[in-house]
Amino acid sequence: MSSSPAPSGTGPITDAAPLSLCAREPHVPADRLVAEMVPPPRFDSVRFSTYIPDPNQPSQTEAVRVLESFAAGIGHGTGGSGKRRLFGFGKAPKKAPAGPRGVYLDGGYGVGKTHLLASLWHATPAEPELKAFGTFVELTNLVGALGFQKTVQTLSGHRLLCIDEFELDDPGDTVLVSTLLGKLVDAGVALAATSNTLPGKLGEGRFAAADFLREIQGLSAHFRPLRIDGEDYRHRGLPEAPPPYSDEQVTKAAHATEGASLDAFSPLLDHLAHVHPSRYGALTDGIEAVCLTGVRPVPDQSTALRLVVLADRLYDREVPVMASGVPFDQLFSEEMLNGGYRKKYFRAISRLTALARDAGRLANSR
């Protein structure tokens, strides 16, 4: 049987039907959730040696020096002892040190905080299963999936916990994670974090260390702020999304691309409400490209926040997204973009736009 002709810019339809995210209901065991707390694939190869400090910003060079010392200090301790010297100079004391047990990377957009955080994870001389790396959202999702006590028990044996994009826009989650980190510090786990902006400071493009330390209250004594100066990209604005394709082009590309999924946008949003966000990574297992028809503005904030998590997981895995409907820079309403979760939505637009550009190769395949 011959394949159907494809519209310009797409390949022929194959015999195999595309996959569907809506047909998937992954059940992820607890050990996998924790095992997957590693730097995203795009940060697999980053190291301190691949971070190129700006010669005009000495704080960047200093950050690398301090973090290298921090990693070495973690390696000199023993798991769960609570007696490691993290920045330590000289011999470790017999009692737990009263000084900082973690580091907070304080800097604006585009200065390489995630690069440095992932480099710290790679440089810490401990087995991968004794180190955890995840975003604030992934950590709260882990607590939601395992329960608080089980999460404490699971992570207490780790040497290091890295938290990227520590979010302070939800007071309840901030208290939850602060309490969790307090338990982990008591167990001897080293901490490292970067942070998102508070809602009232979203226009500033960077989060001040004093605000971060105040928000985490009792944990502030455990963090040493590490300032990283550099060019601030806060005035870049929203990226321009590429024009969407037609439904027919998206469908043809999904059939022509091995490992692609094909879903209508609205049913996918409904499906996400029935899958715990901690499983969104598993939802994309084996997916080589995501094809969506009928993309439209999201109807409410709960749906929007779930879409943000899915966008993060797709971006982490570098999965291209080809779509019809409205362009991705029209996903969120003006009210959402001006509200407390503004930075999350800007990040989702930026990441989906990048993945949409990557999907150009699907349209150009023959």
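## Exercises on a predicted model

In this predicted model, 5 bridges join β6 to strand β7 (residues 289–295), and the two run parallel. Let's start from that pair and work outwards.

### Exercise 1: The three-stranded sheet

Task: Work out which strands make up the sheet that holds β6 and β7, and which of them stand at the edges.

Solution:

- Step 1. Begin with the pair you already have. In it, A264 stands opposite T293 in β7.
- Step 2. Now look for the rest of the sheet. It is an open one with 3 strands in the order β6-β7-β8, paired in parallel.
- Step 3. Find the edges. β6 (260–264) and β8 (321–325) are the edge strands, as each pairs on one side only.
- Step 4. Check the twist, which averages 15° from one strand to the next.
- Step 5. See what lies on the sheet. Helix α9 (residues 265–272) packs there and touches β6 and β7, and its direction makes about 95° with that of β6.

### Exercise 2: The five-stranded sheet

Task: Find the order of the strands in the open sheet of 5 strands, and say which helices pack on that sheet.

Solution:

- Step 1. Read off the order: β2-β3-β4-β1-β5, with parallel pairing.
- Step 2. Spot the edges. β2 (131–135) and β5 (223–228) each have a single partner strand, so one side of each has no neighbour in the sheet.
- Step 3. Look at the twist. Neighbouring strands here are turned by 15° against each other on average, direction ignored.
- Step 4. Zoom in on one pair. Strand β3 (residues 160–166) and strand β4 (residues 190–195) are parallel and share 5 bridges. Within this pair, C162 stands opposite A192 in β4.
- Step 5. Add the helices. Helix α3 (residues 113–123) packs on the sheet and touches β1 (102–107), β2, β3, β4 and β5, with its direction at about 170° to that of β3. Helix α6 (residues 171–186) packs on the sheet too, touching β3, β4 and β5, and its direction makes about 160° with that of β3.

### Exercise 3: Salt bridges, buried or exposed?

Task: The structure holds 11 salt bridges. Take the pairs R32 with E36, R65 with E62 and R351 with D312, and decide how open each partner is.

Solution:

- Step 1. For R32 and E36, the closest N and O atoms are 2.4 Å apart. R32 has a relative accessible area of 25%, which makes it partly exposed. E36 is partly exposed as well, at 32%.
- Step 2. For R65 and E62, the closest N and O atoms are 2.8 Å apart. These two sit 3 residues apart in helix α2 (residues 58–75), so about one helical turn separates them. R65 is partly exposed at 41%, and E62 is partly exposed at 32%.
- Step 3. For R351 and D312, the side chains meet at 2.8 Å, N to O. This pair links distant parts of the chain: R351 belongs to helix α13 (residues 342–358) and D312 to helix α11 (residues 301–316), 39 residues apart.
- Step 4. Apply the cut-off for buried, which is under 20% relative accessible area. At 16%, R351 counts as buried, and D312 is buried at 4%.
- Step 5. Follow the shared partners. Salt bridges join E165, D312, R347 and R351 into one network.

### Exercise 4: The largest nonpolar core

Task: Find which residues touch the most other members of the largest nonpolar core, and which elements give two or more residues to it.

Solution:

- Step 1. The core has 38 residues, and F328 and F332 touch the most other members.
- Step 2. The elements giving two or more residues are α9, α10 (280–283), β7, α11, β8, α12 (334–337) and α13.
- Step 3. Of these, α11 gives the most, with 8 residues.
- Step 4. Now list the contacts of F332, leaving aside neighbours within four places in sequence: V298, A304, L307, V308, L337, Y345, A348 and I349.

### Exercise 5: Where to read with care

Task: Find the average pLDDT of the protein chain, and name stretches where the pLDDT is below 50.

Solution:

- Step 1. The chain averages a pLDDT of 81, and 78% of the residues score at least 70.
- Step 2. Residues 1–14 have a pLDDT below 50, and this stretch has 35 contacts in the model beyond near neighbours in sequence.
- Step 3. Residues 78–98 are also below 50, with 47 contacts counted in that way.
- Step 4. Draw the lesson: where pLDDT is low, the predicted coordinates should not be read in detail.

Technical notes
Residues numbered from 1 in each chain as written. Predicted model: local features only at pLDDT ≥ 70, side-chain atom pairs only at ≥ 80, totals over all residues. Heavy atoms only, no water. Salt bridge = Lys/Arg side-chain N within 4 Å of Asp/Glu carboxyl O. Buried < 20%, exposed > 50% of the residue type's maximum accessible area, 1.4 Å probe, protein only. Helix = DSSP H or I, 4+ residues; strand = E, 2+ residues; numbered from the N terminus. Pairing = 2+ DSSP bridges. Axes fitted to C-alpha atoms, helices over the stretch in contact; angles between N-to-C directions. Contact = heavy atoms within 4.5 Å. pLDDT = per-residue confidence, 0-100. Core = buried A, V, L, I, M, F, W, Y, C linked by side-chain atoms within 4.5 Å.
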